[in-house]
Every structure is written in C-alpha cells, then in structure tokens.
Amino acid sequence: MPRRSAVHEIPLPDKTLIVDNGAYTIKAGFLSSSPNLDDCHIIPNCLARERDKKVWVGGEIETIRDFGEVAFRRPVEKGYLVNWEAEKAIWDSTFLVQKSKLHCDPHDTNLILTEAPNTSAALQTNCDQVIFEEYEFASYSRHIGPSLNAYHDTQHLFGAPARDMTISALPIECILVIDSGFSHTTVTPIYKGHPIQQAIRRLDIGGKLLTNYLKELLSIRHYNLMNEEYLVNEAKEKICFVSNEFREDLERTWKGASKHRRKKENGSSEIVVDYVLPDYNAGIKGYIRPYDPSLAAKAKKMGAMANPGGVVEDFMTLGNERFAVPELLFNPADIGMKEAGLPETVLQSLSGLPPGLWPGMLANIFVVGGNCLMDGFMERLEMEIRQLAPAECTVRVTKATEPIKSTWLGGAYMASDSAALKAAQVTRQEYLEYGSGWLSRKFAGTATS
C-alpha cells in the first residue's frame with residue numbers, strides 16, 4: 001500500500017465566517033475580537049416568487065412590499081440541506097456579491113458550518129464537496145448545531161456570576177440542548193462539548209408544521225389563507241401562546257360562554273382577540289387589538305364600514321386557535337401524530353444516558369430556537385419536565401438571551417479560541433490530499449492523520 005504523503009501545515013487565514021444554516025433563516029457573520037450578537041446577520045434561507053413570476057433570492061426578500069400569494073422555495077427540508085442548487089443561489093448573493101455586508105473571498109476565509117443532528121453520510125459528503133470543490137474555502141469545519149451552545153455562559157443565566165469573556169471559552173461539562181426551530185425540535189445531550197449520539201431525540205414538529213396547521217384552521221373558520229404562508233407565519237408569531245391550563249382555556253373560549261369567561265382568571269389579558277390582516281397596498285402590517293363584539297365591528301368585518309382613516313379593515317376574531325396550535329409541541333396526538341410530546345422526548349433522551357449524567361443534564365437544560373419565544377412556552381416546558389423527572393433531581397430550564405442567534409454566538413465563542421479553531425478546521429489542501437472519506441471520519445472524530 002503506498003505511503004500517504006505528508007501535508008505541509010499551512011497557517012489558517014485571519015478571517016473566519018460562521019454560518020448557522022437554518023431551514024428558515026441563515027445566521028451568519030464574521031468572527032470579531034469580542035464576539036457579540038451585533039456581528040450576526042439574519043438572512044431568509046429561501047427563494048421567493050411573486051405573482052408576476054419575479055424571483056427574489058435570500059436577503060432580497062426583505063424588500064418585498066406585497067407578500068400576497070408569494071411562493072417560497074426552501075433548500076432545507078425536514079431539517080436537512082437537500083437542494084444545493086437553491087442554496088448556492090442564496091449563498092452566492094450573500095457571500096460573493098461585492099456590495100453584500102458578508103462579502104468574502106473563500107480562498108482567504110475559514111468556514112464554520114452547522115448541520116442538523118443525524119444528517120445522512122450522503123448529504124454530509126455532498127456538502128463537503130460543495131464547500132471545497134465549488135467555493136474552495138481555505139478551511140472548513142462542520143458541527144452539529146446544538147453542540148455549539150455548550151460554549152455559552154449558561155451558568156450566568158441560572159444566576160451565577162458572569163465569566164470573564166477575555167478568557168477563551170470552554171464548553172460546559174453537561175448540558176441538554178432543546179432546539180425547537182422551523183423544521184423540527186431536537187433534544188441533544190452534550191458532554192464536554194461533544195454530543196452523545198445515541199441519546200439524541202427528534203420531534204418532527206417545528207414552526208413550519210405549526211404554521212401549516214394554523215393555515216388550515218383559519219381557512220376553515222375565516223378566510224382562505226392556504227396560499228398565504230408569509231401572512232399566516234407572521235400572525236402565528238404575534239398571536240400564539242402556550243397555555244398552562246389547556247382545558248380551562250378551551251372552556252373560556254367556548255362560543256356559548258359569556259364575555260367574562262373569555263378572560264384569564266387574573267383578568268390581565270383576554271384570550272379572544274381580533275387580528276387585523278395586513279394591508280400591503282397601504283403598507284400596514286397585521287396587528288392584534290382587543291376583541292370587539294359590537295355590531296359596529298361585525299359590520300366593519302362585512303365591509304360596510306371603514307375605520308376612522310377611511311380604510312376598510314379585514315380582521316379575524318381568534319380564540320382557541322391561539323393556544324391550540326402550539327399545543328402540538330406538547331401533544332402531537334391532537335392531529336394524530338404517533339409521537340411523544342416535548343417533555344416526554346426529553347425523558348426519552350435521558351434514558352439513553354448513564355444514570356450518573358441525569359442530574360447534570362436536568363440541572364442544565366438550555367432552550368434555543370424561535371418556538372421558545374412564544375409566551376408560556378418555557379413555563380409549560382419546565383412544569384412538565386419537573387412532573388416527569390426523578391424527584392431527587394434538580395430541574396433547571398432556561399432559554400438563550402437571543403434564542404435565534406444563540407447557536408451562531410456559541411460558534412463564535414468556540415472560534416475565538418485559536419487552538420480550538422485550529423483543531424476543528426480542515427484545510428482545503430488536506431481535503432485534496434486525503435479525500436472526502438477521510439474528511440468524514442475527521443469530523444466524526446475517528447480519523448487518523
């Protein structure tokens with residue numbers, strides 16, 4: 001067998017690009033001397049086509065004024081990057097266009113890229129080939145997204161003194177990361193910065209399914225919104241909350257109930273609200289207003305009256321839709337899915353670990369992803385995990401300061417340690433010398449060089 005030739009060590013470039021390639025948005029930015037959230041930019045990870053067939057790519061979508069019946073094409077499906085043709089168009093407009101904020105020369109840039117847990121080997125190899133053979137980045141490393149959250153100062157979120165950010169970040173010893181994003185929700189136990197593969201669990205419910213379910217409910221009860229993905233997703237983010245008293249709240253929103261039963265018991269907020277639909281022609285976004293049962297409001301909904309500004313309003317009166325939709329994260333059986341809810345999924349993940357790690361994991365549950373921004377989500381999650389966890393274990397649940405950018409920032413903390421960055425990165429010269437098989441083993445931690 002011929003002897004493998006040695007690769008001369010080449011110093012890494014000074015510029016490092018960190019990309020959290022999510023299904024809904026890309027979180028990307030360059031490493032700075034003091035990593036912070038302002039370094040991270042959020043770019044829609046999709047292509048959009050308007051009624052007149054005009055196509056918008058990535059960040060261009062933010063300039064669209066009329067989202068009526070806009071069709072979206074996403075390169076990430078079920079959490080996995082399966083369409084590099086679409087992804088390349090988005091990356092090219094984001095990283096290669098001269099006037100872009102994130103413009104870079106791949107030949108002089110290190111790339112840190114995230115992937116979903118349990119990505120297939122074929123998709124990983126395809127990704128590696130695109131990075132090194134088409135973009136030709138100087139060096140590259142591929143990380144399971146949730147594992148980068150181990151580099152956060154999570155103990156400070158639990159009340160401990162903040163760590164000295166001038167010192168290179170080390171991963172926390174035990175942390176259980178719940179990532180509830182657009183495509184799915186994953187539970188990932190991490191020990192000393194490394195995910196424990198056999199204990200990773202996945203719940204096939206994320207923001208996309210919740211949006212689609214809300215589209216169906218609204219289309220049956222109000223207007224046909226099956227082609228209005230953007231509008232319904234925006235409404236979901238504004239109106240939905242997780243109920244801690246699901247049955248009681250259903251009773252309060254019963255159509256035959258008197259008005260006072262439509263309010264929370266503390267009287268602080270109403271469950272039933274009116275959601276005014278956006279008017280793209282006038283540049284008015286959708287918004288919530290208090291429920292108005294008057295005849296004038298009903299006439300206004302029929303188009304017989306206009307508001308004081310002279311504009312006819314379209315609105316929907318929403319009740320149990322507000323909490324029945326996010327309830328799927330806790331009870332997938334509500335729509336016939338034969339999966340455990342999120343709290344049960346956490347316990348299933350723990351069952352794949354040695355019992356000695358249970359206390360450390362339960363005491364350090366860290367939640368990221370856009371779904372945890374819904375009101376009541378954290379309280380309900382902690383309450384139900386406490387009910388299922390062993391009585392002798394302390395349960396502590398916290399969410400990231402910025403759940404959407406959290407994984408990106410964790411990657412920045414990791415990359416700020418030059419030794420850790422050098423150990424994680426693979427140079428393009430090494431890839432050309434050793435091949436894609438060796439690269440896969442390198443990222444899996446089993447390669448020898």
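This passage describes a three-strand sheet, a helix that lies across it, and a pair of packed helices in a predicted model.

The sheet is open and contains three strands. Their order is S16-S15-S17, and the pairing is antiparallel. Strand S16 covers residues 287-290, and strand S17 covers residues 315-318. Both stand at the edges of the sheet. Each has a single partner strand, so one side of each is left without a neighbour in the sheet. From one strand to the next, the twist averages 30°. In general, strands of a sheet pair through backbone hydrogen bonds, and the pairing is either parallel or antiparallel.

Strand S15 spans residues 273-276. Four bridges join S15 to S16 in the antiparallel sense. Across this pairing, Asp 274 stands opposite Arg 289 in S16. A helix also meets the sheet. Helix H5, residues 229-239, lies across S15, S16 and S17. Its direction is at about 145° to S15.

A second arrangement involves two helices. Helix H9 is formed by residues 342-351, and helix H11 by residues 377-388. The two pack at an angle of about 50°, and their axes are 9 Å apart. That angle makes H9 oblique to H11. The crossing of H9 past H11 is right-handed.

Residues from both helices build the contact. H9 contributes Leu 342, Pro 343, Glu 344, Val 346 and Leu 347. These meet Phe 377, Leu 381, Glu 384, Ile 385 and Leu 388 in H11. By class, the contact has eight nonpolar residues, two charged residues and no polar ones.

Terms used:
Residues numbered from 1 in each chain as written. Predicted model: local features only at pLDDT ≥ 70, side-chain atom pairs only at ≥ 80, totals over all residues. Heavy atoms only, no water. Pairing = 2+ DSSP bridges. Axes fitted to C-alpha atoms, helices over the stretch in contact; angles between N-to-C directions. Contact = heavy atoms within 4.5 Å. Parallel < 35°, antiparallel > 145°, perpendicular 65-115°, else oblique. Left-handed = near helix turned anticlockwise from the far one by under 90°. Nonpolar A, V, L, I, M, F, W, Y, C, P; charged D, E, K, R; others polar.
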